[in-house]
Structure formats: C-alpha cells, structure tokens
Amino acid sequence: MPGNLLAAGAVLALWTLVMLLWTATTRFSALAKAGVDLKTAPPGGRGVDLEGVLPPVTNWKSHNYTHLLEQPTLFYAVIVFLHLSGGDTALTQGFAWAYVVLRIVHSLWQATVNRVPVRFTIFALSTLCLLALSVLAVIATLG
C-alpha cells in the first residue's frame, strides 16, 4: 500500500466513521419499524438500552463500532511511536495495512454474518499484527 504508517491509521479512522454512519442509519430505520419515537424517549438513554428493543443484526453494527474504539486505540498510538522513532519501514507498513484490512473484514463479518469462530479468528490475526507492531515499536524507540 502506498503512503506510510499514518496513512493506515487514517484509513482505519475513516472506516470507524463509516461504521458509525452504518450504525446510525440501521438504528434509526429499526427504531422507526419498532415504533420508537426518540422525541418521547426518557433522558439519558444509551445504545445499550436498545439491546432488547432492536433486532440483533441491527445491534451488531453498534457492537462493532464499539470494538473499533477499543483495541485500535493502541494501534493508533503504536503507529505514531513507530513513525516518530524512525520505525516507519516496509515491514511495519505491511503489518499496519494487514491490521487495517483485517479490522475492516472483521467489521463486515460482525455487522452481517457474526459467526463467532470466524470473527474470533479474524480478531486474533489482527491482534498478532498489532503485537508485531508493538514489539517493533519498542525496538525502534529504544534503538
């Protein structure tokens, strides 16, 4: 992939916002079908309150959006460490892009099919990429 480590991070950030839009679109549609009027909803409602109201396939998108705000925060920090310490190499770019592609595949799988064994395998592979990046970041920052 062209660019540098920061490009991979920018793509994942953009993908996270795509998932937010997908979540909102499907939620508003499902709320309308369920006859829920947001204008009359009690104050302080949260997405988790919709778990029993909306169909699981609708909630899966929200679950994935939450996942994109968890482990990938480490990814963003690690690629900045690598970028600033001279560790922006073809190897680290390869791991970074693999991580991003795997997270996008994970999102698509979780949002549509959501079979846990496959989802876990995709997650595990992306985690191995992040582990490799983290080890390389430690080496780069200590060197």
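Tyr-99 is buried, at a relative accessibility of 0%, in what is a predicted model. The cut-off for this class is under 20% relative accessible area, so a residue at 0% belongs to it. Phe-75 is buried as well, and its relative accessible area is 0%.

These two residues also form an aromatic pair. A pair of aromatic rings is described by the distance of the centres and the angle of the planes. For Phe-75 and Tyr-99 the ring centres lie 4.6 Å apart and the planes stand at 20 degrees, so the pair is stacked. The limit that decides this is under 30 degrees between planes. Phe-75 belongs to helix α3 (residues 72–84) and Tyr-99 to helix α4 (residues 90–112), so the pair ties together parts that lie 24 residues apart in sequence. The count of aromatic pairs comes to two. Phe-75 and Tyr-99 share one aromatic cluster with Tyr-76.

The helices that carry the stacked pair can be taken next. Two packed helices are described by the angle between their axes and the distance between the axes. For α3 and α4 the angle is about 160 degrees, with the axes 12 Å apart. That makes α3 roughly antiparallel to α4, since angles over 145 degrees count as such. The two helices cross in a left-handed sense. On the α3 side, Pro-72, Phe-75, Ile-79 and Leu-82 make the contact, and on the α4 side Thr-92, Ala-96, Tyr-99, Val-100 and Arg-103 do. Phe-75 and Tyr-99 are thus part of this helix contact too. By class, the residues of the contact are seven nonpolar, one polar and one charged.

The loop between α3 and α4 contains Thr-89. This residue is partly exposed, with a relative accessibility of 35%. The C-alpha atoms of Thr-89 and Asn-4 are 8.1 Å apart in space, while the two residues are 85 apart in sequence.

On from the loop, α4 also packs with helix α5 (residues 116–142), at an angle of about 155 degrees and with the axes 9 Å apart. That makes α4 roughly antiparallel to α5. The crossing of this pair of helices is left-handed. Residues of α4 in the contact include Phe-95, Tyr-99, Leu-102, His-106 and Trp-109, and those of α5 include Ile-122, Phe-123, Ser-126, Cys-129 and Leu-133. The contact of α4 with α5 comprises 17 nonpolar, four polar and two charged residues. Tyr-99 takes part in the contact of α4 with α5 and in that of α3 with α4. Thr-92, Ala-96 and Arg-103 of α4 likewise appear in the contact with α5 and in the contact with α3.

Another helix pair is found earlier in the chain. Helix α1 (residues 5–33) and helix α2 (residues 56–68) have axes that come within 9 Å and cross at roughly 155 degrees. The two are therefore roughly antiparallel to each other. α1 passes α2 in a left-handed crossing. Among the contact residues of α1 are Leu-12, Trp-15, Met-19, Thr-23 and Arg-27, and among those of α2 are Asn-59, Lys-61, Tyr-65 and Leu-68. The classes here are eight nonpolar, seven polar and two charged residues.

Definitions and conventions
Residues numbered from 1 in each chain as written. Predicted model: local features only at pLDDT ≥ 70, side-chain atom pairs only at ≥ 80, totals over all residues. Heavy atoms only, no water. Axes fitted to C-alpha atoms, helices over the stretch in contact; angles between N-to-C directions. Helix = DSSP H or I, 4+ residues; strand = E, 2+ residues; numbered from the N terminus. Parallel < 35°, antiparallel > 145°, perpendicular 65-115°, else oblique. Left-handed = near helix turned anticlockwise from the far one by under 90°. Contact = heavy atoms within 4.5 Å. Nonpolar A, V, L, I, M, F, W, Y, C, P; charged D, E, K, R; others polar. Phe/Tyr/Trp six-rings, centres within 6.5 Å; stacked < 30°, edge-to-face > 60°. Buried < 20%, exposed > 50% of the residue type's maximum accessible area, 1.4 Å probe, protein only.
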